[in-house]
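Reader: I am new to this structure and would like to know what the terms used for it rest on. Please show it, and then take my questions in turn.

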Amino acid sequence: MKSSKKFGIAVLAVTSAIAILVISAFALFSDNEEKGTSGTIGTVGISLSDPTLSNDDNINPGDYDPNNPDDANPGTDHDLAFTISNTGNKSVDVRNMIVISVADEAGHIYDPTVFSLYTEKDGEYAKAGTELAPKFFMVYGDDTLYTAAQIPAGSEIVAVVYYTDPDDAVCLNGVGEAAEEEDGITETSHDYLYYLVMDRDADNNYQGLTCKIDVIAEAKQHRNTDNDDWEKIATKSITFNGKNYVVVPDKTEDASGVATTIPTITEAP
């Protein structure tokens, strides 16, 4: 009988040891954690102020003309001014196109080449040799921008066009939260000032006509781009005051100038 009791105790002891081993096998150390991050994509945006022209109600032949005689009586100032401002947080390169045209009240078009824009003045007149460049011309029935040497024979010029050379584009720092700032750049907006010259040889046919000046401003992101990208992204055709142009799309459009839409993402049931 004593042997049986000892056997029973031994069995219980072995059973308890097995239970401890099983519990330990399913109690391995472990942990789990999930986190995510997100980033905000930068924005490109610009604003163009309303262009102003001083003394716009009294333009005379010879105003600001550097070819006036030295002893000529002073003319009237015609300063063309506007501002392009960055409204996005990305740094941008900005350029502009200035289009000069002349018409009467009935809409009849006159030769606009009696007008030109200069970047500097010397005393009473625009400074010789400082005409804005590059300079192009639009002819009737054709939206092509021609240099003076390329104008088709017999064509009627309908507009003088000054287009910012890519090398002369102005870099502007971003504004607002997380604004990009480039080395050596301090501006977030840029003021433009040009001097409108009316050829002193303009004849009486121009009396009472309207000289119209249109300004188109464009911007592209500064970082990760070069001057060649202006032509790559200038894919949108626009009609502005009766003339057609190709420009970069605005911030709400795709490369074709079509309004962008954000696709709706739905979860599977």
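Reader: What makes a residue part of the lining of the second largest pocket, and which residues lie nearest its centre?

Author: This is a predicted model. A lining residue has an atom within 4 Å of a point of the pocket. By that rule 19 residues line the second largest pocket, and those nearest its centre are Ile59, Phe115, Leu209, Thr210 and Cys211. Its space is about 310 Å³. Strand 14 provides the largest share of this lining, 4 residues.

Reader: How do you know what classes of residue line the second largest pocket?

Author: Each lining residue is put in a class by its type: Asp, Glu, Lys and Arg count as charged, for example. The result for the second largest pocket is 11 nonpolar, 4 polar and 4 charged residues.

Reader: What is the space in the largest pocket, and which residues lie nearest its centre?

Author: The largest pocket holds about 680 Å³ of space. Its lining has 28 residues, with Glu218, Ala219, Val248, Pro249 and Asp250 nearest the centre. By class, 15 of the lining residues are nonpolar, 5 polar and 8 charged.

Reader: Which element gives the most to the lining of the largest pocket?

Author: Strand 14 does, with 7 residues. Strand 14 covers residues 210-221, and the elements that each supply at least two lining residues also include strand 1 (46-48), helix 2 (229-233) and strand 15 (236-240).

Reader: Why is the pair of Phe82 and Tyr192 called stacked?

Author: Two rings pair if their centres lie within 6.5 Å, and planes under 30 degrees apart count as stacked. The ring centres of Phe82 and Tyr192 are 5.0 Å apart and the planes are at 15°, so this pair is stacked. The pair links distant parts of the chain, since Phe82 is in strand 3 (residues 79-86) and Tyr192 is in strand 13 (residues 189-198), 110 residues apart.

Reader: What makes the pair of Tyr192 and Tyr194 tilted?

Author: The centres are 6.4 Å apart, and the angle between the planes is 35°. The limit for a pair is 6.5 Å, and planes that are neither under 30 nor over 60 degrees apart count as tilted, so the pair is tilted. Phe82, Tyr192 and Tyr194 form one aromatic cluster. A search of the whole structure finds 5 aromatic pairs.

Reader: Are Phe82, Tyr192 and Tyr194 buried or exposed?

Author: Phe82 and Tyr192 are buried, and Tyr194 is buried as well. Buried means under 20% relative accessible area.

Reader: Why is strand 13 called mostly covered?

Author: Of the 10 residues in strand 13, 7 are buried, so the strand is mostly covered.

Reader: How do you know which strands pair with strand 13?

Author: Two strands pair if there are at least two bridges between them. Strand 3 and strand 13 have 7 bridges and run antiparallel, with Leu80 opposite Tyr194. Strand 6 (residues 115-118) is joined to strand 13 by 4 bridges, also antiparallel, and Ser116 stands opposite Val197. Both counts meet the limit of two, so both are pairings.

Reader: What makes a set of residues a nonpolar core, and which residues have the most contacts inside the largest one?

Author: The members are buried residues of nonpolar types, joined through side-chain atoms within 4.5 Å. The largest such core has 31 residues, and Ile98, Ile100 and Leu117 have the most contacts inside it. Strand 3, strand 6, strand 13 and strand 14 are among the strands that each supply at least two residues of this core. Strand 4 gives the largest share, 5 residues.

Key:
Residues are numbered from 1 along each chain as its sequence is written. This is a predicted model: local features need pLDDT of at least 70, side-chain atom pairs count only at pLDDT 80 or more; totals for chains, interfaces and linings use all residues. Side-chain values use heavy atoms; hydrogens and water are left out. On a 1 Å grid over the protein atoms alone, a cavity is a set of points where a 1.4 Å probe fits but cannot get out, and a pocket is an open set with protein on both sides within 12 Å along at least five of seven lines; lining residues have an atom within 4 Å of a point. Grid points are joined across faces, edges and corners, and a volume is the space filled by probe spheres set on the points. Rings of Phe, Tyr and Trp (its six-membered ring) pair if their centres lie within 6.5 Å; planes under 30 degrees apart count as stacked, over 60 as edge-to-face and the rest as tilted. Buried means under 20% relative accessible area, exposed over 50%, partly exposed in between (1.4 Å probe, protein chains only).
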